[in-house]
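Okay, my turn. I'd like to walk you through one chain today, starting with the overall picture and then going into the core and the charged pairs.

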Amino acid sequence: MIPETGTIATAVGELVLRTVRLATDLDLLTGWMNDPDTDRWWALAGPPGTTADHLAAQLDGDGRSRPVLALLDGAPTGYFELYRADLDPLAAHYPARPHDLGVHLLLAPAVRGRGLAAPLLDAIAARLLQREPRCTRVLAEPDVRNTPSVRAFARAGFTRAADLDLPDKRAALMIRRRADTPPLPRTT
């Protein structure tokens, strides 16, 4: 199960994470998905129906993924997907452990370049590890060419454990472990 989100105090302000609501969030998220820099990594540009289909698959799914809107001091700042990595197709590409959780990150175009990604990722990973005691690791798999994302995960305490050849990209497997969890051996 993916832990409920809620309010988190961070070094950059009060972060509220809440499950996406199609009725109120669709236009905002469609606009973000149609930003050229976002589309490069997410490939979800198009009419509202494209974004709605992507979100509905998670909202109406089996609970393995939760689409989350991030509000920093009340302002929409990002979109995150929190998911069970051990139950995701990703698990076929790395040594998955039960209850591994994953995170996908999309910062709002208007707030990029302000140094917010790392503190938000740090807070989210800490919250996931705190709220799900069976989870020993939070991971991500940004495209290796997306150096700002890879750097942000590293600054948030994630370690680049491997590079993975996934069906749609070459990904940097980034892992944030609980302090008492042994690391994976580094591979390329």
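So, 51% of the 188 residues in the protein chain are buried. Keep in mind that this is a predicted model. As for the outside, the chain exposes about 8,900 Å², and carbon and sulfur atoms supply 54% of that.

Now the fold. We have five helices and eight strands, and if you read from the N terminus on, the order is β-β-α-α-α-β-β-β-α-β-α-β-β. The radius of gyration comes out at 15 Å, close to the 16 Å that the globule rule gives for 188 residues, so the chain is as compact as a globular protein of that length. Along its principal axes, the C-alpha trace spans about 40 × 35 × 35 Å. And if you take the contacts between residues at least 6 apart in sequence, 62% of them join residues at least 24 apart.

Okay, let's go inside. In soluble globular proteins, nonpolar side chains tend to be buried together. Here, the largest nonpolar core has 47 residues. Which residues have the most contacts inside it? Those are Leu-15, Tyr-79, Phe-80 and Val-103. Helix 4, residues 117–131, gives the most to this core, with eight residues. There's also another core lying apart from that one, with 13 residues, among them Tyr-83, Ala-91, Leu-164 and Leu-173.

Click on Val-103 for a second. Leaving out residues up to four places away in sequence, Val-103 touches a stretch made of Phe-80, Glu-81, Leu-82 and Tyr-83. Its other contacts include Leu-121, then Val-138, Leu-139 and Ala-140, and also Phe-153 and Phe-158.

Those last two bring me to the aromatics. The structure holds two aromatic pairs, and Phe-153 with Phe-158 is one of them, edge-to-face, at 5.0 Å centre to centre with 80° between the planes. Are these two rings buried or exposed? Phe-153 has 2% relative accessibility, so it counts as buried. Phe-158 is at 4%, so that one is buried as well.

Last topic, the charges. Side chains of opposite charge can pair when their charged atoms come close. How many salt bridges does a search of the whole structure find? It finds eleven, and I'll show you three.

Start with Arg-84 and Asp-86, where the closest N and O atoms are 2.7 Å apart. Both of those residues are buried.

Next up is Asp-100 with Arg-137, at 2.6 Å between the closest N and O atoms. This pair links distant parts of the chain, with the partners 37 residues apart: Asp-100 is in the loop between strand 4 (75–84) and strand 5 (101–107), while Arg-137 is in strand 6, residues 137–140. Asp-100 is buried, and so is Arg-137.

Then compare Arg-170 and Asp-165, whose side chains meet in a salt bridge at 2.8 Å, N to O. Where do these two sit on the buried-to-exposed scale? Arg-170 has 32% relative accessibility, so it counts as partly exposed. Asp-165 is at 56%, so that one counts as exposed.

If you take one picture home, make it Val-103: it's among the residues with the most contacts inside the 47-residue core, and it touches both Phe-153 and Phe-158. That's it from me, thanks.

Technical notes: Residues are numbered from 1 along each chain as its sequence is written. This is a predicted model: local features need pLDDT of at least 70, side-chain atom pairs count only at pLDDT 80 or more; totals for chains, interfaces and linings use all residues. Side-chain values use heavy atoms; hydrogens and water are left out. Rings of Phe, Tyr and Trp (its six-membered ring) pair if their centres lie within 6.5 Å; planes under 30 degrees apart count as stacked, over 60 as edge-to-face and the rest as tilted. Buried means under 20% relative accessible area, exposed over 50%, partly exposed in between (1.4 Å probe, protein chains only). A salt bridge is a side-chain nitrogen of Lys or Arg within 4 Å of a carboxyl oxygen of Asp or Glu. Helices (H or I, at least four residues) and strands (E, at least two) are DSSP runs, numbered from the N terminus. A nonpolar core is a set of buried Ala, Val, Leu, Ile, Met, Phe, Trp, Tyr and Cys residues joined through side-chain atoms within 4.5 Å. Contact means heavy atoms within 4.5 Å. The radius of gyration is taken over C-alpha atoms; the globule rule is 2.2 Å times the number of residues to the power 0.38. Accessible areas come from the Shrake-Rupley method with a 1.4 Å probe; for residues, only the protein chains shown count as cover.
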